[in-house]
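The following note is offered to a colleague who is new to this structure. Its points cover confidence, the core, one helix pair and one lysine.

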Amino acid sequence: YIRSIFLQGLLLMSSDTLQEHMRFAAPVLSKLDSLAQDVKLNIKELCIGYIKNAFPHARLIFGAETPAQVKENLKCWNLVWPDGLTQRIQTEFEDIDETMLNPSLWPKGTNNTRP
């Protein structure tokens, strides 16, 4: 089972609007945005498609607040995935620091909330 594929929403944020305590994530978010633009997918499509293709036997768990969000996620799941994109993502993001990947390691802001 794979959950929190958007890293508690962090991957869906713009690097320009991050709270100060989350600025450490800006370079990765910028890189992810560039990749998404290059392959003509949005970030949600990229995240869901990557999980689907990199871990084909896993089960994906994601939260949704509305039926429209569920439909959007299913649409992302059903997209045709470009050849070689999974390997490209693994190569371009192979050296991501554990702090980025593990929300329990994220610094807390002054209001002690996540991004």
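1. The predictor's confidence in each residue is given as pLDDT, on a scale from 0 to 100. This is a predicted model, in which local features need pLDDT of at least 70 and side-chain atom pairs count only at pLDDT 80 or more, while totals for chains, interfaces and linings use all residues. Residues are numbered from 1 along each chain as its sequence is written, and side-chain values use heavy atoms, with hydrogens and water left out.

2. The protein chain has an average pLDDT of 91, and 95% of its residues score at least 70. Among its elements (DSSP runs numbered from the N terminus: helices, H or I, of at least four residues; strands, E, of at least two), helix α4 (residues 85-92) has the highest mean pLDDT, 97, and strand β2 (residues 60-61) the lowest, 88.

3. The largest nonpolar core (buried Ala, Val, Leu, Ile, Met, Phe, Trp, Tyr and Cys residues joined through side-chain atoms within 4.5 Å) contains 30 residues; L10, L11, L46, L85 and I89 have the most contacts inside it. Helices α1 (26-39), α2 (43-54) and α4 each give two or more residues to this core.

4. Leaving aside neighbours within four places in sequence, L11 is in contact (heavy atoms within 4.5 Å) with I5, F6, L29, L32, I43, C47 and M100.

5. K44 has its place in helix α2. With a relative accessible area of 15%, K44 is buried (under 20%; 1.4 Å probe, protein chains only). Beyond neighbours within four places in sequence, K44 is in contact with F6, L12, E72, N73 and C76.

Notes:
Buried means under 20% relative accessible area, exposed over 50%, partly exposed in between (1.4 Å probe, protein chains only).
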